[in-house]
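The following paragraphs lead from the whole chain to one helix, then to one sheet and a single residue beside it. Please keep the sequence and the model in view while reading.

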Amino acid sequence: MTLAALRERLRSRSIRLVLVAVLVLVAAGIAIGVSTSSPSVSTRSQFIPGTPEGTTKVQLDTTLYLPETTPAPAVLLSQGFGGDKSDLATEARTFAEHGYVVLAYSARGFGASGGLIHFASPNYEVRDAKLLVSYLASLKQVKRTGGAPQIAAAGASYGGGLSLLLAGSDPRIKAVSADITWNDLSHAFFPNAVGSAPGVFKKLWVGQLFGNAFGPEASVTCGRFAPDVCAAYQASASTGEPTAAMRALMKQASPATVIDKIKAPTQLTQGEQDSLFPLGEADANARGIAAHGTPVSVVWRPGGHDSPALGGTEAINAAVTWFGKVFGGQVALKQPFTFAEADGVVSAATGDASQQTLQAAGYPGIAGTKRDTREVAVSGRPQRLGSPAGGAPAAITSIPGLGGISNRFDQALMVLPSVSGQTAFFQSARLSKSLAIAGQSTVRLTITSSTGRDVTLFAGLHDLSPDGTSELPSQIIAPLKLTGMRPGVPRTVTVRLPSIVRNVLSGHRLVVSVSTTDFAYQVPQDARSYTVALASEPAGSAGSTQVTVPTTSGTAVSAGHPIAWLLVGLGVCLLIGGGVGFVIVHRRRVLRSDPDLVDVPVSIESLVKEYAGGYRAVDSVSFRVERGQVVGLLGPNGAGKTTALRVLVGLITPTSGTVHVFGEPVVPGAPVLARLGAFIEGPGFLPHLSGRENLRLFWAATGRPDDEAEFATALDIAGLGPSVDRRVKTYSHGMKQRLGIAQAMLGLPEVLVLDEPTNGLDPPQIAEMREVLQQYALTGRTVVVSSHLLAEVEQTCTHVVVMHKGKLVAAGSVMEIAGSDGVQLSVPDPAAAAKVLAAAGIGSQLVPARRALEDVFLDLIGGDE
């Protein structure tokens with residue numbers, strides 16, 4: 001079936017379903033609407049005793065969230081590695097608003113909790129979680145069924161792993177939702193695409209995790225890690241090989257060891273852009289749990305550790321829905337499989353961007369089913385490759401710890417995944433029809449080492465377009481390690497390529513790449529050479545072999561067709577005549593360029609960002625930013641400033657409305673984002689590298705020449721002096737803040753977006769930063785900053801946009817808004833402004849501006865986040 005025919009069938013099916021739905025609604029007389037209010041949630045913070053460190057008592061920092069109605073099922077919510085309970089506030093409140101008792105906590109060694117980090121140890125972290133389950137079980141607010149408390153476990157990354165380990169050791173857990181987590185740490189930290197033995201050390205990611213345990217009061221060598229964990233990591237990191245102690249620690253921290261004991265229905269959501277815990281980790285968990293008759297739901301969602309969507313709304317909403325089914329007794333053994341098919345790049349030819357979520361009847365596994373696998377022939381001659389001494393220069397695929405740079409600058413990174421003389425390519429003929437890859441492809445290769453030493457290689461599967469553009473989906477590669485090689489003796493192996501979701505279009509080619517280096521991994525330090533050939537061909541000849549490709553198909557469950565929604569409205573009007581009211585929120589998935597805005601740096605129109613439970617972080621906000629302006633987004637905490645900026649820079653997608661930068665629509669990965677520099681929600685750097693090295697690494701990932709970086713200017717802005725050559729893990733918060741601002745200004749972007757840039761700076765540095773931003777705008781560039789300080793915006797900015805509780809209150813120049821008491825506010829939404837001003841005790845919506853703003857902030861500065 002052609003793509004056009006499939007779309008037509010889905011469109012017809014949607015129309016029929018809509019007409020049926022309208023008739024049902026008429027018969028039932030049901031009114032459907034969208035609620036803008038959220039149920040009230042009460043909270044209580046307290047310390048709960050954890051597992052002692054020897055004779056030393058340990059207290060765990062927790063917050064209890066109680067819904068309006070109790071008793072109710074409970075959720076134990078665990079944080080990601082390096083975070084604390086404050087990172088869980090949004091998720092916890094969402095669960096509570098949906099009627100769950102929630103206990104969010106900081107794991108031992110993090111935040112205000114005591115103890116050391118034993119990394120998901122059954123004797124410490126898992127035992128802590130059991131103690132917290134006992135606390136929940138003692139609460140009268142927690143619902144019981146048949147005398148047993150109804151408790152679920154949920155978390156992302158580290159929290160997801162802890163949830164699975166807890167479920168495998170505590171039968172009181174009745175449901176699990178684990179997001180972007182692992183099955184076996186030895187596979188995750190030392191992946192090997194040709195066997196089950198530990199393979200190539202994932203040095204950047206593991207180093208990033210280790211660096212998250214450092215703080216101002218922690219040990220300079222081990223942070224807050226337990227001594228045995230620290231010693232095992234350091235010994236393994238120094239050689240790139242896991243020691244016996246490291247293997248033992250990774251094994252006990254792996255859900256694989258308890259997977260057969262998990263009886264609670266489990267949902268596994270895994271990110272499709274995740275080089276730390278790829279889709280294969282969730283697949284291993286799913287197969288292990290299902291093998292013992294436990295219901296398992298698998299969701300492959302957008303984002304992951306390589307994307308700012310970490311712990312995104314997709315995972316939260318999925319968990320809420322899953323727990324509702326489990327505690328409502330509606331979970332069947334066979335669960336549908338949900339996966340995302342997304343294209344975040346706006347086509348230059350059509351101006352369109354699309355994104356959809358699909359659902360299949362059952363989970364096929366990353367290898368796919370025999371019925372749905374396809375064979376694609378690839379060809380190419382044997383190729384001789386060099387592995388340089390020291391592993392440099394190295395190919396760059398993904399950069400952990402730099403705020404999802406791999407996805408935000410994927411167009412630039414296309415030139416970096418291979419280095420001349422280090423990479424072999426084998427390509428297919430042009431595809432006669434589209435190929436929907438969903439899972440882990442395989443290919444057989446013959447590899448020869450000229451020296452006989454162990455072999456380290458990195459395999460990838462590329463999408464090559466007719467114009468010659470090659471894209472590595474999700475920037476993920478598959479490391480492989482062969483041991484016991486003999487000089488000149490070939491070995492044929494089946495290579496498991498990266499697990500991806502990709503719709504390769506008709507006319508494109510598949511390309512298998514094999515490289516000797518990758519920046520994120522440990523490679524041999526001595527020079528080596530290898531020969532890589534397709535397995536079916538004798539040495540020295542050209543030929544072809546088959547790539548086995550898993551495919552799948554599904555029914556769209558998002559990105560509905562506008563005709564269908566139009567018919568709903570017409571049906572309601574014609575059949576009901578006002579008896580049944582609909583308020584339908586439909587998210588636009590097709591965005592187009594606006595030629596009228598080509599000279600406007602930023603244009604935001606009717607922007608809405610809504611989260612689970614109906615909470616609107618941004619509500620119908622519209623404003624423009626012109627060249628040469630320094631515009632301040634002003635408002636108390638929780639006003640929606642950061643959310644608006646995250647949409648602006650493509651970190652999250654809006655519920656509705658449009659954002660244009662120089663006339664081009666903003667979506668994650670849009671090419672126009674290369675004209676923008678951003679510093680959002682604090683700095684993220686590789687702790688074991690210096691400030692200078694972090695800046696150079698960031699710039700290298702963009703693929704642009706060094707002479708365009710303006711390193712000297714950026715370093716001057718950072719003002720770190722000799723400290724710029726110290727490791728970032730030794731920096732104070734203020735030093736990291738200055739380095740983050742310098743990073744955003746690399747290349748002197750046309751639009752500079754900074755979220756609370758003066759946080760952590762001392763008064764002289766704040767004054768200097770004001771001057772830098774003002775001078776930057778005088779060059780014709782544009783600056784957008786957020787702040788909750790009225791005086792700071794007044795002294796720094798030329799224009800102000802005032803927000804409160806997600807709404808736009810006022811907009812205008814600083815001179816107008818902060819000038820004399822006789823100047824009036826410019827209020828684009830009088831109704832919204834009237835509510836905000838009334839809350840501040842001000843009767844008129846058009847009042848002396850300075851006094852109105854001061855009153856609003858004095859009365860409302862404590863707004864909920």
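Helices, taken as H or I runs of at least four residues, and strands, taken as E runs of at least two, are DSSP runs numbered from the N terminus. On that basis, the chain of this predicted model has 22 helices and 34 strands. Of its 865 residues, 55% count as buried. The accessible surface of the chain comes to about 34,500 Å², and carbon and sulfur atoms account for 54% of that area. Contacts in the chain between residues at least 6 apart in sequence can be sorted by separation: 75% of them join residues at least 24 apart.

Helix 9 offers a first local view. Spanning residues 279–290, helix 9 has twelve residues, and its first and last C-alpha atoms are 16 Å apart, close to the 16 Å expected at 1.5 Å a residue. Its buried residues are Leu279, Glu281, Ala282, Asp283, Asn285, Ala286, Gly288 and Ile289. What covers these buried residues includes two helices, helix 4 (158–167) and helix 5 (185–189), together with strand 9 (266–271), strand 10 (296–301) and strand 20 (491–504).

Attention now turns to a sheet later in the sequence. Four strands form this open sheet with antiparallel pairing, in the order 26-25-28-29. Its edges are strand 26 (616–625) and strand 29 (664–665), each of which pairs on one side only. In general, strands of a sheet pair through backbone hydrogen bonds, either parallel or antiparallel. Strand 28, residues 656–661, runs antiparallel to strand 29 and is joined to it by two bridges. Valine 661 has glutamate 664 as its bridge partner in strand 29. Helix 14 (residues 641–648) lies across strand 25, strand 26 and strand 28, and runs at about 120 degrees to strand 25.

A loop leading to this sheet holds the last residue to be considered. Where does leucine 597 lie? Leucine 597 is in the loop between helix 13 (562–576) and strand 25 (602–610). Is leucine 597 buried or exposed? Leucine 597 has a relative accessible area of 9%, which is under the 20% cut-off, and therefore counts as buried. Leaving aside residues up to four places away in sequence, leucine 597 touches Ser603, Arg624, His660, Phe662 and Gly663. Valine 661, by its C-alpha, is 8.0 Å from that of leucine 597 in space, although the two residues are 64 apart in sequence.

Conventions:
Residues numbered from 1 in each chain as written. Predicted model: local features only at pLDDT ≥ 70, side-chain atom pairs only at ≥ 80, totals over all residues. Heavy atoms only, no water. Buried < 20%, exposed > 50% of the residue type's maximum accessible area, 1.4 Å probe, protein only. Contact = heavy atoms within 4.5 Å. Pairing = 2+ DSSP bridges. Axes fitted to C-alpha atoms, helices over the stretch in contact; angles between N-to-C directions. Expected span 1.5 Å × (residues − 1). Areas by Shrake-Rupley, 256 points an atom, 1.4 Å probe, with all protein chains shown as cover.
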